[in-house]
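Dear colleague,

Please find the structure below, handed over for your records. A written account of the findings follows it.

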Amino acid sequence: MFFASDNTSGVPVQILDALSRANGDFVAGYGNDPINLALRDRIRDLFDAPKAEVFLVATGSAANALAIASYCPPWGAVFCHELAHINVDECGAPEFFSNGAKIVPVPGAGAKLTPQALDQALMRAGKGGVHQVQPALVSLTNLTECGTRYTVDELRTLCATARAHGLPVHLDGARFTNALVTQGCSPAEYTWQAGVDVLSLGGTKNGLMGVEAVVMFDPAQAWEFQLRRKRGGHLLSKNRYLAAQMLAWLEGDLWLTLAAHANHMAAMLEDGLRQQKDAKVLFERGGNMLFVDLPRSSHRALHGAGAQYFLWPDHASLDGPPDMPVAGRLVTSWCTTKEQIEEFLEALGKI
Ligand SMILES: Cc1ncc(COP(=O)(O)O)c(C=O)c1O
């Protein structure tokens, strides 16, 4: 019963096979190999973006921080939701890689920004004043940190709000595929056609061993990104092994199949939870992540029965009044099984 994160899952055999195949011969290093070129073309095709540049890194934090730094000077400000991973979970990497840019957190229910809140924050930003950091970028996350999802229209309106203030948009897509398969639109509609300039396309949470692609729909910042990636120590020399994973993931729509399975498992879990009288599902589920209020005693019993998941927020504790509702964060993955969901719901039902 592993619901702690989609990071806890293994790697599909198709990816391991692709790594073996990539292992054949000598090839150029640093991304100048045929597998990288094929991947770049595949992503351009899939996103209907023939001029997009594609760069690989090994972690989502590196993808976000380097992408953000490429758009943001040291005196710049990045506007994002207050719960955004870049604000709370990256140990200051975006600030570090940008040499000190400021993250400006904006509130919003369910980890979603509204155009009104974003507009207000941007109006108050002090653009043009020498005493203030200067607005440089808006960063959105989809799926969000609360497992909710922006629709295409919502994304379009937020990007238009950023654009009205002269700002480009970064999208943290650590779980982009989970959002995409639920939304049921094309990758292009869900990114650059809605106004996204640069995407951190997450692979690791959806089955890869450790690959994220930075997709720059506007290639103007691509050279700067490349220099920052090298300087930041994130240009892997044996880059073919990153590209081979992601190319196999995109082959035959495997990325969509894996995410659809994870989302389906989350839907099953949600249905079961909604039938439990003490359980309250907290946000509208957009993909493979659920938040549920349960009495603290239920969390204790579930953990005792072997279920692995985190309480939310991070500082919540199993110690304290047993009847008090505490939120749990449950994440399903490409290899979560129906049996694991049933086991969890059965353990909860017995409490
Ligand atoms: C929304 C979001 N963005 C980025 C990341 C960063 O990924 P990594 O842990 O690979 O740096 C995560 C990981 O949990 C995430 O949830």
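What covers the buried residues of helix H12 (residues 296-304)? Strand S9 (289-295), strand S10 (310-312), strand S11 (325-331) and helix H13 (338-349) are among the elements that do so. Helices (H or I, at least four residues) and strands (E, at least two) are DSSP runs, numbered from the N terminus. Two residues are taken to be in contact if their C-beta atoms, placed from the backbone, lie within 7 Å.

Please note that this is a predicted model, in which local features need pLDDT of at least 70 and side-chain atom pairs count only at pLDDT 80 or more, while totals for chains, interfaces and linings use all residues. Residues are numbered from 1 along each chain as its sequence is written.

The buried residues of H12 are Ser298, His299 and Leu302. A residue is buried if 20 or more other C-beta atoms lie within 10 Å of its own, exposed if 12 or fewer, and partly exposed in between, with C-beta atoms placed from the backbone. Seen down the axis of H12, the buried residues fall within an arc of 100°, so they line one face of the helix; the arc is that of the directions from the helix axis to the C-beta atoms. Glycine 306, just after H12, has a positive phi of about 105°.

Turning to the overall arrangement, the chain is divided into domain 1 (14-252) and domain 2 (255-349), with bounds that come from an automatic or database domain assignment. Their C-alpha centres lie 28 Å apart. Domain 1 brings 16 residues to the contact and domain 2 brings 17 residues. On the side of domain 1 that touches domain 2, helix H8 (176-183) and helix H10 (240-250) are the elements that give two or more residues, and H8 gives the most, with 5 residues. That side has 6 nonpolar, 8 polar and 2 charged residues. Here Ala, Val, Leu, Ile, Met, Phe, Trp, Tyr, Cys and Pro count as nonpolar, Asp, Glu, Lys and Arg as charged, and the others, Gly among them, as polar.

H8 is mostly covered, with 7 of its 8 residues buried: Phe176, Thr177, Asn178, Ala179, Leu180, Val181 and Thr182. These residues pack against strand S5 (169-173), strand S6 (198-202) and helix H11 (254-274). Glycine 184, just after H8, takes a positive phi of about 70°.

The largest nonpolar core holds 102 residues, of which Leu66, Ile68, Val78, Ala213, Val214, Val215 and Met246 touch the most other members. Both domain 1 and domain 2 give residues to this core, so it lies between them. A nonpolar core is a set of buried Ala, Val, Leu, Ile, Met, Phe, Trp, Tyr and Cys residues joined through C-beta atoms within 7 Å. Leaving aside neighbours within four places in sequence, valine 215 is in contact with Ile43, Phe47, Ala52, Val54, Val198, Leu199 and Leu201.

Finally, the ligand is surrounded by Thr59, Gly60, Ser61, Asn64, His85, Thr141, Glu145, Asp172, Ala174 and Thr204, a residue being near a molecule or strand if its C-beta atom, placed from the backbone, lies within 6 Å of it. Helix H3 (residues 60-71) gives the most to this shell, with 3 residues. By class, the shell has 1 nonpolar, 7 polar and 2 charged residues.

Yours sincerely
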